[in-house]
Amino acid sequence: MNVQINLDTLALVKHDLPATEVPSNPPAIRQNNRTCTGGWPKRATDIALASLAIATLALPMLAVAILVRVTMGGPVIFRHARIGLGGIPFECLKFRSMIVGSDAALARYLSENPEAAEEWKRSRKLKHDPRITWLGRALRMSSLDELPQLLNVLKGDMSCVGPRPIVLEELELYGTEAEKYLQSRPGLTGLWQVSGRSSLTYAERVALDAAYVNDWSMWKDLKIIVRTVPAMLKSHQTS
């Protein structure tokens, strides 16, 4: 897949825009008609697995939605623009795990804590994130906050297995590996999740994403799915 992206144009797509403001096909993105990583067999598997998972987990998802609404108020679903296949942005869905006004809270916290600002710059994660509620922390430790992404999989924005979904600002950090990321749908799980998650450096995450695209096979996807459950149980590795 040959992909060209004008980052100045894409910079207009902010990571916190609502769905109506996220362009479905930015004019600066050009790609040929070759299939993405895995092609139609991977896509068919995604649809089958996501449909089965939604049918199986419908009641737990409803229970989580009710808990979020009752304990935190505000919207149940957090919508965050991520970069998808071919550089096209999409809304990545999660159960909300943060306080209302989390962007402002983060900016204020980073401005008052230089060490945290450096940590955020280095990994785009915080070991002690003041935005996360007690329920949100539990959801993240169990990865239950990511269950709404099964809808992203059905829609075709994501895959069951793939690179870690990233925001626009991170694409430049991928350097020469950015094209590899853009050749695959981001994954609900992936090598990054079963190899350490938050304990990894950013460079290691990028390397794992590139390795996944380079060495993709259906068998490796299945092995990653099987390894995901025990990885989820290791809460000390979960953001």
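**Cut-offs at work, starting from Ser143**

Trainee: Ser143 sits in the loop between helix 5 (134–142) and helix 6 (149–155). What makes those stretches helices?

Mentor: They are DSSP runs: a helix is H or I over at least four residues, a strand is E over at least two, and both are numbered from the N terminus. Before we go on, this is a predicted model, where local features need pLDDT of at least 70, side-chain atom pairs count only at pLDDT 80 or more, and totals for chains, interfaces and linings use all residues. Residues are numbered from 1 along each chain as its sequence is written, and side-chain values use heavy atoms, with hydrogens and water left out.

Trainee: Okay, and why is Ser143 called buried?

Mentor: Buried means under 20% relative accessible area, exposed means over 50%, and partly exposed is in between (1.4 Å probe, protein chains only). Ser143 comes out at 6%, so it counts as buried. Its backbone deserves a look too: phi is positive, about 65°, although Ser143 is not a glycine.

Trainee: Which residue far along the chain can I place relative to Ser143?

Mentor: Try Ala231: it is 88 residues from Ser143 in sequence, yet the C-alpha atoms are 10.0 Å apart. Ala231 belongs to helix 11, and its 10% relative accessibility makes it buried.

Trainee: How do you know that Asp221 and Lys42 form a salt bridge?

Mentor: The test is a side-chain nitrogen of Lys or Arg within 4 Å of a carboxyl oxygen of Asp or Glu. For Asp221 and Lys42 the closest N and O atoms are 2.7 Å apart, so the pair passes. This pair links distant parts of the chain, with Asp221 in helix 11, Lys42 in helix 2 and their positions 179 residues apart. Both partners are buried: Asp221 has a relative accessible area of 4%, and Lys42 is also listed at 4%.

Trainee: Why can such side chains pair at all?

Mentor: Opposite charges can pair when the charged atoms come close.

Trainee: What makes Glu91 and Arg79 a salt bridge?

Mentor: N to O is 3.6 Å there, so this pair also meets the cut-off. Glu91 is in strand 4 and Arg79 in strand 3 (residues 77–83), 12 residues apart. The partners get separate labels: Glu91 is buried at 12%, whereas Arg79 is partly exposed at 47%.

Trainee: And how do you know that Lys180 and Glu177 are paired?

Mentor: Their side chains meet at 3.4 Å, N to O, so they qualify as well. Lys180, at 23%, is partly exposed, and so is Glu177, at 26%. The whole structure holds 6 salt bridges.

Trainee: Why is Ala48 called partly exposed?

Mentor: Its relative accessible area is 49%, so it falls in the partly exposed band. Ala48 is in helix 2 (residues 39–72). Its C-alpha is 8.8 Å from that of Leu154, 106 residues away along the chain.

Trainee: What makes Leu59, Leu62, Ile66 and Val70 a patch?

Mentor: A patch takes residues with over 30% relative accessible area and no salt bridge, joining nonpolar side chains (Val, Leu, Ile, Met, Phe, Trp, Tyr) within 5 Å and like charges within 9 Å. Ile66 shows it nicely: its 48% clears the area cut-off, so it can be a member, and it is labelled partly exposed. Ile66 is in helix 2. Together the four have about 440 Å² of accessible area (Shrake-Rupley, 1.4 Å probe, with only the protein chains shown as cover for residues).

Trainee: Which elements supply at least two residues each to the lining of the second largest pocket?

Mentor: Helix 2, strand 6 (187–189) and helix 11 (218–233) do, and helix 2 gives the most, with 5 residues. In total 19 residues line the pocket, with Leu147, Leu150, Leu188, Thr228 and Met232 nearest its centre. The lining divides into 13 nonpolar, 5 polar and 1 charged. The volume is about 460 Å³.

Trainee: Last one: why is Pro89 called buried?

Mentor: Its relative accessibility is 7%, so it lands under the buried cut-off. Pro89 is in strand 4 (residues 89–95), and its C-alpha is 9.9 Å from that of Ile166, 77 residues apart in sequence.

Notes: 1 Å grid on protein atoms, 1.4 Å probe; cavity = no way out; pocket = protein on both sides within 12 Å on 5 of 7 lines; lining within 4 Å. Points joined across faces, edges and corners; volume = space filled by probe spheres on them. Nonpolar A, V, L, I, M, F, W, Y, C, P; charged D, E, K, R; others polar.
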